[in-house]
Amino acid sequence: MPASRKTIAVVFGAVGGLSDVGKMAVLQLLDGASSVDLRSVLMFHSSERPSLTAANRPIVTTDVTDEALQERVAAAVADANPAMVEVGSDDAQETLEGAFAGVDAIVVAIGNRQPWKPRTLAPSMVDIREAAVVCKVPRLVVLSSFGIGGDPLPWKSWVRYLWGGMLSTVLRNAWHDLVAMEATALDNGGCVDVLVVRPTGLSPWLAAVGDWRLFRTAADPPIGYGVAKQDVAKFMIQEAVVPTLHNAIVTIGGVPGAYADEILSH
């Protein structure tokens with residue numbers, strides 16, 4: 001007897017590199033070969049409300065250099081017709097509960113790491129967590145960022161010192177937002193099995209290779225400091241459908257050396 005299909009909710013943001021990963025997850029789950037049903041939610045700050053098509057579908061952009069991929073993602077998000085949730089609105093949790101009812105897992109990829117953008121991760125996660133608990137969703141896979149604490153950086157290079165310096169200065173507000181979001185997701189009274197995924201660089205020119213490396217302790221082999229948004233989305237979907245890491249935090253990067261030419265040429 002074939003296994004029953006699973007339903008995954010994907011919560012993604014309107015703008016930002018982290019949000020792009022959520023849009024990639026929507027695209028992958030709408031692929032004709034996918035055996036997973038999709039529910040989608042677009043969360044946005046009041047200053048970043050997406051425009052709508054004549055059919056009342058959201059118009060989104062994706063920060064990737066592949067123009068064909070940009071078009072595919074925009075079409076997939078419109079086709080998904082996501083529930084629209086303004087961060088901090090009175091009906092945010094109620095709308096999320098409607099989207100989460102009966103799902104097997106939730107993938108969350110919202111917000112950004114840019115210093116000039118609104119900080120929405122922590123307040124968004126409060127409503128997401130509460131809705132997940134109310135709906136008894138067993139699994140939550142959340143996108144965060146590498147280097148914010150607790151994950152030893154796996155390389156000895158200028159990247160380690162540059163990123164650490166940025167987090168303590170121009171990205172300090174983003175760092176606080178990310179830390180608070182992680183704490184909120186993990187502090188759910190044991191009701192939800194949470195995996196926090198911390199990607200390394202999500203540069204827009206990195207193309208999917210279908211592979212990645214995970215880093216959890218200083219004893220693990222090195223990982224690359226660039227990873228494609230599509231590959232992070234694929235990993236998060238896999239962990240949502242068939243969990244292997246439970247109540248954990250993991251850093252994800254590319255295969256070492258896979259993007260050497262791309263990084264040197266940009």
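**Strand pairing around β5**

Reader: How many bridges join strand β4 to β5, and in which sense do the two run?

Author: In this predicted model, strand β4 spans residues 105-109 and runs parallel to β5. Within this pairing, V108 stands opposite V142 of β5. The number of bridges joining β4 to β5 is 3.

Reader: Which residue in β6 does V141 stand opposite?

Author: Strand β6 covers residues 193-199 and runs parallel to β5, with 5 bridges joining them. V141 of β5 takes part here, and the residue opposite V141 in β6 is L195.

Reader: Why is β5 described as largely enclosed by the rest of the structure?

Author: The side chains of R139, V141 and L143 point one way from β5, while L140 and V142 point the other way. Residues on both sides are buried, which here means under 20% relative accessible area. Strand β5 is therefore largely enclosed, the count of buried residues being 5 of the 5.

Reader: How many bridges pair β1 with β2?

Author: Strand β1 comprises residues 6-13 and strand β2 residues 36-44, and they pair in the parallel sense. One facing pair is V11 and V41, the latter in β2. The bridges between β1 and β2 number 8.

Reader: Is the β-α-β crossover from β2 to β3 right-handed or left-handed?

Author: β2 pairs with strand β3, residues 83-86, in the parallel sense over 4 bridges. In that pairing, F44 has E86 of β3 as its bridge partner. From β2 the chain passes through helix α2, residues 67-80, to reach β3, and the crossover is right-handed.

Notes:
Residues numbered from 1 in each chain as written. Predicted model: local features only at pLDDT ≥ 70, side-chain atom pairs only at ≥ 80, totals over all residues. Heavy atoms only, no water. Buried < 20%, exposed > 50% of the residue type's maximum accessible area, 1.4 Å probe, protein only. Pairing = 2+ DSSP bridges. Right-handed = clockwise from strand over helix to strand, strands pointing away.
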